[in-house]
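Me: I'd like to learn how to read a structure like this one. Could you walk me through a few features?

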Amino acid sequence: KSGNDAASVLALFSSDSIEEFADLMNNEAYSIGATNSHFVNAHGLYNDDHYTTAYDLALMAKAALSNQSFREISACTYYEIPPTNLTGDIRYLWQNNELISEASDYYYSYCTGGKTGYTDEAGGALVSWASFNDMELICVVMNTQPKNNIFADSIKLYNYMFYNYYRDNLLEN
């Protein structure tokens, strides 16, 4: 569901090798201030030399959110692949971010998108964003067990921030 194979194909489409693409990822991360990350592949599966931090993931999400197409794609709960010459059936792809799925017990109406992740080594992870009262927040939850705690933990963090903090102009022109 995460499209690890597609990530590798896109990496090879946009560069000469996975290693070259990882170098491009590292350069881009560094340019936005994500200096505690290092990538060796396009898909994020475990490698001793592939790592990041919650802060760096938040910086990457902030940069990605400046792209309207990214916002729209990450807000989709599912996508229908129409029939092709190889299959006559419609195929459905479902988003794993339960915060944006109205059918989920973890649905959070303020959440507007995000991406889940899980590996045995890293546990559950979720980078998401939510908007309420003229405030947009990015939440990063990592290394949760069981993996569904990513949703409950994110909701707790969002609620704490939304209901205990507000935006204010300190200086008026």
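Reply: Sure, let's start with salt bridges. We call it a salt bridge when a side-chain nitrogen of Lys or Arg sits within 4 Å of a carboxyl oxygen of Asp or Glu. Keep in mind that this is a predicted model.

Me: By that rule, how many salt bridges does the count come to?

Reply: The general idea is that side chains of opposite charge can pair when their charged atoms come close. Here the rule gives one salt bridge. Arg71 pairs with Glu136, and their closest N and O atoms are 2.9 Å apart. Arg71 belongs to helix α4 and Glu136 to strand β5, so the pair ties together parts 65 residues apart in sequence.

Me: Why does Arg71 count as partly exposed?

Reply: Partly exposed covers the range between buried, under 20% relative accessible area, and exposed, over 50%. Arg71 has 25% relative accessibility, so it counts as partly exposed. Glu136 gets the label too, because its relative accessibility is 37%.

Me: Now the inside. Which residues have the most contacts in the largest nonpolar core?

Reply: That core is built from buried nonpolar residues joined through side-chain atoms. It has 16 residues, and those with the most contacts inside it are Leu99, Tyr108, Cys111, Ala130, Tyr158 and Phe162. Strands β4 and β5 and helix α5 each supply at least two core residues, with α5 giving the most, five. There's also a second, separate core of five residues, including Trp129 and Val140.

Me: And how far should I trust the prediction?

Reply: Mean pLDDT is 93, with 99% of residues at 70 or more. Among the elements, helix α3 has the highest mean, 98, and strand β2 the lowest, 90.

How values were computed. Residues are numbered from 1 along each chain as its sequence is written. This is a predicted model: local features need pLDDT of at least 70, side-chain atom pairs count only at pLDDT 80 or more; totals for chains, interfaces and linings use all residues. Side-chain values use heavy atoms; hydrogens and water are left out. pLDDT is the predictor's confidence in each residue, from 0 to 100. Helices (H or I, at least four residues) and strands (E, at least two) are DSSP runs, numbered from the N terminus. Buried means under 20% relative accessible area, exposed over 50%, partly exposed in between (1.4 Å probe, protein chains only). A nonpolar core is a set of buried Ala, Val, Leu, Ile, Met, Phe, Trp, Tyr and Cys residues joined through side-chain atoms within 4.5 Å.
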